[in-house]
2 protein chains.
Amino acid sequence: MPDDAAEAAKRPHISDATLRGLVGYNMKRAFMAVSADLARTLAPFDLRMLTFTALTLVADNPGLSQSQLAQAMTVERPNLVVIVDELETRGLITRDRVPTDRRTYALRITVEGARLLAGAARAVGAHENLMMGGLAKAEEAALISTLNRIEASGKGRS
Amino acid sequence: MPDDAAEAAKRPHISDATLRGLVGYNMKRAFMAVSADLARTLAPFDLRMLTFTALTLVADNPGLSQSQLAQAMTVERPNLVVIVDELETRGLITRDRVPTDRRTYALRITVEGARLLAGAARAVGAHENLMMGGLAKAEEAALISTLNRIEASGKGRS
DNA sequence: TATTGTTATACTCTATAACTATA
DNA sequence: TATAGTTATAGAGTATAACAATA
């Protein structure tokens, strides 16, 4: 009985059957696979998931403030500062003072930022097609809908 | 037209419609909600997702080595060391030398570890029920199956 | 008083290189 | 030479407290 080590050493597959019953475990593994591939996809554009997300939200919501962007991204304000700093330093977005409320900055994408984003968005689209290639359209829609329901469940308990 | 900031400031909702079309974005948001709730669930047991996962795998695969555990968890060996150290220091698992291969350790859960894990697993089950409460059984099974397919897509591209 | 943006700081998770002891 | 475990280290991502400027 204490010789289970010899068995385990030979055993090629470790059983994670217990954990496979938990949605969270499967979600973590799938998310890590997707985010690793996304990182590879964005690397040529010198973007990460967070900077790509921020750039997209700024493009779609011109003039929004850092607080609004932080809330949309579910990121604490202090953490967003470095992200916005990086995008501004690279000339991808602008940070303009707002006359009506001089505490806030209005974020807008630049022409160069829009050009970079267009290419990155195409690459991300291809990445999504490859990662989700095995899924039917309806299946993908069901997945997104289910994920959103789970996200909402979490919000109610925070 | 440069006055979009005034509009954006008043706009209560920032649009993330573009990103909502990406599975990866929805997965990150759902995963963060789940893992935050899981962290709260495990805190009373002084466990985190990684230590809970490791403890479960050791319980289900007595005698396995650290390399096998690391591979099962998709964690690099150096990062697993501190996890195993913590569990061993707390008396939740044992780390025994294997006579047939003195390089490896055989990991086994202790009685105390099994007792803690039993309570933690019950709490995690309750957490899962709450987070996935809105899903039908079939829907949950479909979700897990889809997540596994996505995980496999990623493996093929690493 | 409350809010925006900021600084400083710390903790967790992840990744790589290089070492040791065994095989 | 190859593998198991280890050390050291670095880089992301996330979280909180506290501050200055502005409302």
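Begin with the largest cavity, which has a volume of about 90 Å³. This is a predicted model in which local features need pLDDT of at least 70 and side-chain atom pairs count only at pLDDT 80 or more, while totals for chains, interfaces and linings use all residues. For selecting, residues are numbered from 1 along each chain as its sequence is written, chains are lettered from A and ligands numbered from 1 in the order in which they are written, and side-chain values use heavy atoms, with hydrogens and water left out.

**Stop 1: the cavity**

Select L19(A), L22(A), G24(A) and Y25(A), and then L38(B), M49(B), F52(B), T53(B), V124(B), H127(B) and E128(B), which together line the largest cavity. A cavity here is a set of points, on a 1 Å grid over the protein atoms alone, where a 1.4 Å probe fits but cannot get out, whereas a pocket is an open set with protein on both sides within 12 Å along at least five of seven lines; lining residues have an atom within 4 Å of a point. A volume is the space filled by probe spheres set on the points, which are joined across faces, edges and corners. Searching the whole structure gives one cavity of 30 Å³ or more. At least two lining residues each come from α3 of chain A and from α4 (49-60) and α7 (111-131) of chain B, where helices (H or I, at least four residues) and strands (E, at least two) are DSSP runs numbered from the N terminus. Colouring the lining by class shows seven nonpolar residues, three polar and one charged; Ala, Val, Leu, Ile, Met, Phe, Trp, Tyr, Cys and Pro count as nonpolar, Asp, Glu, Lys and Arg as charged, and the others, Gly among them, as polar.

**Stop 2: the second largest pocket**

Next select M73(A), T74(A), E151(A), R29(B) and M32(B), which lie nearest the centre of the second largest pocket among its 25 lining residues. This pocket holds about 510 Å³ of space. Now show α3(B), which gives the largest share of the lining, nine residues. The lining is made up of 12 nonpolar, six polar and seven charged residues.

**Stop 3: the two chains**

Display both chains and superpose them: chain B can be laid on chain A with an RMSD of 0.0 Å by a turn of 180° and a shift of 0.0 Å along the axis, the fit being by least squares on the C-alpha atoms of residues with pLDDT of at least 70 in both. The two copies are thus related as by a two-fold rotation axis. To find that axis from chain B, select L143(B), whose C-alpha, at 3.2 Å, comes closest to it among the residues of that chain.

**Stop 4: DNA strand D**

Turn to DNA strand D, which is surrounded by 20 residues, the closest being R48(A), N79(A), R102(A), Q66(B) and S67(B); a residue is near a strand if one of its heavy atoms lies within 4 Å of it. Zoom in on N79(A), where a polar side-chain atom lies 2.8 Å from a base nitrogen of the strand. Then go to Q66(B), whose side chain places a polar atom 2.7 Å from a phosphate oxygen of DNA strand D, and to S67(B), where a polar backbone atom is 2.6 Å from a phosphate oxygen of that strand. By class, the surface near DNA strand D has six nonpolar, five polar and nine charged residues.

**Stop 5: DNA strand C**

Finally, select Q66(A), S67(A), R48(B), N79(B) and R102(B), the nearest of the 20 residues around DNA strand C. An N or O atom in the side chain of R48(B) is 2.2 Å from a phosphate oxygen of this strand, and one in the side chain of N79(B) is 2.8 Å from a base nitrogen of DNA strand C. At R102(B), a polar backbone atom is 2.9 Å from a phosphate oxygen of DNA strand C.

Key: Polar contact = N/O pair within 3.5 Å; in protein donor to acceptor, adjacent residues only side chain to side chain.
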